There are 2 protein chains.
Amino acid sequence: FTYDFSQYTIVSHVFTLGYAAMAAGLVYFVLTSRNSLPRYRLSSTLSGVVMLSAFLELLVISQRWDSAFRWDGEAFVQAGTLFSNGYRYMNWSIDVPVLLLQMLIVFGVTGAAFRRGWIVFTVAGLGMIYTGYVGQFHEVERSAPFWVWGSISTVFFLVILALVYRTVYGNVGRMPAEVRPLVKAVWWLLLGSWMLYPGAYLMPAIWDSADGVVARQITYTVADIVSKVVYGILLAVIAQKVSKHEH
Amino acid sequence: FTYDFSQYTIVSHVFTLGYAAMAAGLVYFVLTSRNSLPRYRLSSTLSGVVMLSAFLELLVISQRWDSAFRWDGEAFVQAGTLFSNGYRYMNWSIDVPVLLLQMLIVFGVTGAAFRRGWIVFTVAGLGMIYTGYVGQFHEVERSAPFWVWGSISTVFFLVILALVYRTVYGNVGRMPAEVRPLVKAVWWLLLGSWMLYPGAYLMPAIWDSADGVVARQITYTVADIVSKVVYGILLAVIAQKVSKHEH
Ligand SMILES: CC1=C(/C=C/C(C)=C/C=C/C(C)=C/C=O)C(C)(C)CCC1
Ligand SMILES: CC1=C(/C=C/C(C)=C/C=C/C(C)=C/C=O)C(C)(C)CCC1
């Protein structure tokens with residue numbers, strides 16, 4: 001595709017929003033991690049890990065965008081390099097297991113249930129991401145592999161969602177009453193924001209134009225900010241309230 | 001436009017002032033956050049968030065400026081990329097909600113009033129910014145959308161100002177006498193510095209030249225330093241004095 005001025009710059013702006021939000025989140029998590037009891041602090045640390053890795057990924061992707069097109073006086077056209085969303089999948093393979101692990105920590109899951117949850121989340125998470133990664137190479141011609149790999153990936157996604165649901169609703173009863181609405185909010189926030197990723201995967205199939213690319217990057221950025229930053233803040237607030245309660 | 005040597009370098013210098021001020025602010029807020037009681041510390045943390053995200057935005061915008069023009073022996077002319085102010089809007093969508101949230105924290109607003117304030121500030125803030133963002137794409141030809149979106153954005157702005165006024169004057173009576181002048185100063189500082197942003201939005205309409213661009217970037221930078229750094233310091237000082245009082 002070629003992009004007109006506003007299409008091109010919107011994408012560039014949105015990337016900047018993305019990595020600035022990650023950097024801002026990093027400051028927040030570093031400075032507030034001492035507000036909770038030591039056993040929950042690891043969650044803030046892990047949010048920090050997510051922030052830094054996502055910051056780097058979005059910085060790289062944004063620089064790639066800037067260098068992949070140049071202004072020819074009328075439109076932005078392909079320059080010497082190619083733009084690719086594959087960097088996102090690499091980032092997810094760090095962030096998805098870590099984000100799910102945080103949930104186990106903050107909800108106070110321990111022992112065998114913790115180990116089981118961690119293994120399922122990690123294996124299914126990586127399974128979901130790498131099968132999707134293979135599939136996205138076929139997004140241009142949208143041949144059978146695009147759909148087959150996407151479907152396998154979706155199976156893993158459903159496994160993850162089922163376990164998240166069980167983790168949230170299986171533990172909410174044990175948590176202090178005042179944080180229960182927040183705990184349930186974790187489920188809805190995760191469900192809503194994670195669904196955006198398969199939505200973005202499908203976008204070239206339903207909206208195959210420069211505007212579709214713009215919409216896709218906006219979707220990814222909203223999803224990233226909600227699933228990483230807002231989610232992390234929500235868990236941090238829960239950890240802080242639970243810590244006060246146990247004090 | 002093309003820019004002569006001093007026009008071009010003034011803008012470049014002013015950007016450097018902008019991001020250096022944010023970096024300096026970051027150091028200040030990190031190092032002084034322990035001077036207040038824990039319940040006010042979040043305000044310093046949030047100032048840190050604002051500083052880092054604004055630092056990145058101004059760094060990006062300044063690099064874009066540097067690469068968007070080159071010296072042709074007589075003047076600075078358009079090079080391969082285009083310069084755009086849209087990055088600012090992305091940054092505002094992080095900073096505006098956070099700056100307003102800080103006010104609620106430092107003025108000791110709690111419970112339902114806190115939640116209501118936060119929601120109104122966030123929704124109206126994002127409404128103001130994204131409608132303005134859409135409008136600024138029309139700043140070159142200044143057609144109807146420029147004025148329509150700008151007006152909608154202004155409505156949100158007035159909602160915010162009204163709530164800020166109520167927050168300041170509704171809480172000043174509860175605060176210790178010695179900080180009251182500072183609390184009122186928050187209102188005037190916010191009013192004065194935030195008004196510069198719509199002023200900068202209008203500038204291409206009233207002063208459509210290279211000098212106008214220079215004036216606009218100076219305006220933005222002054223507004224950024226006052227509304228983020230000076231404002232944050234003022235709130236930090238208030239929090240510190242109130243903490244001493246409550247001790
Ligand atoms: C179901 C499905 C997908 C799901 C991706 C998800 C759910 C990604 C979540 C990423 C997160 C939360 C990253 C945060 O850092 C893919 C791989 C797009 C491929 C198509 C099918
Ligand atoms: C009224 C109005 C605007 C107001 C912008 C404001 C008030 C921005 C404030 C930004 C701040 C405080 C950033 C600090 O980080 C726009 C969007 C220019 C569009 C035109 C109408």
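**Ligand pockets in a predicted model**

Colleague: What makes the pair formed by an oxygen atom of ligand 1 and the side chain of A:K228 a polar contact?

Modeller: In this predicted model, an oxygen atom of ligand 1 is 2.5 Å from an N or O atom in the side chain of A:K228. The cut-off is 3.5 Å, so the pair counts as a polar contact.

Colleague: Thanks! How much of ligand 1 does the protein cover?

Modeller: On its own, ligand 1 has 530 Å² of accessible area, and 99% of that is covered by the protein. Its shell has 10 nonpolar, five polar and two charged residues, with the largest share, five residues, coming from α3(A).

Colleague: Now ligand 2. What makes B:K228 a polar contact of ligand 2?

Modeller: A side-chain N or O atom of B:K228 is 2.5 Å from an oxygen atom of ligand 2. Polar contacts are pairs within 3.5 Å, so this pair qualifies. Ligand 2 alone exposes 540 Å², of which the protein buries 99%.

Colleague: Which residues come nearest to ligand 2?

Modeller: Out of 17 residues around ligand 2, the nearest are B:D95, B:M128, B:W194, B:Y197 and B:K228. Helix α3(B) gives the most to this shell, namely five residues.

Colleague: Happy with that. Why is B:S153 called buried?

Modeller: Its relative accessibility is 11%, and buried means under 20%, so B:S153 belongs in that class. B:S153 sits in helix α5 of chain B. Leaving aside residues up to four places away in sequence, B:S153 touches B:M128, B:T131 and B:G132.

Conventions
Residues numbered from 1 in each chain as written. Chains lettered and ligands numbered in written order. Predicted model: local features only at pLDDT ≥ 70, side-chain atom pairs only at ≥ 80, totals over all residues. Heavy atoms only, no water. Near = heavy atom within 4 Å. Polar contact = N/O pair within 3.5 Å; in protein donor to acceptor, adjacent residues only side chain to side chain. Areas by Shrake-Rupley, 256 points an atom, 1.4 Å probe, with all protein chains shown as cover. Helix = DSSP H or I, 4+ residues; strand = E, 2+ residues; numbered from the N terminus. Buried < 20%, exposed > 50% of the residue type's maximum accessible area, 1.4 Å probe, protein only. Contact = heavy atoms within 4.5 Å. Nonpolar A, V, L, I, M, F, W, Y, C, P; charged D, E, K, R; others polar.
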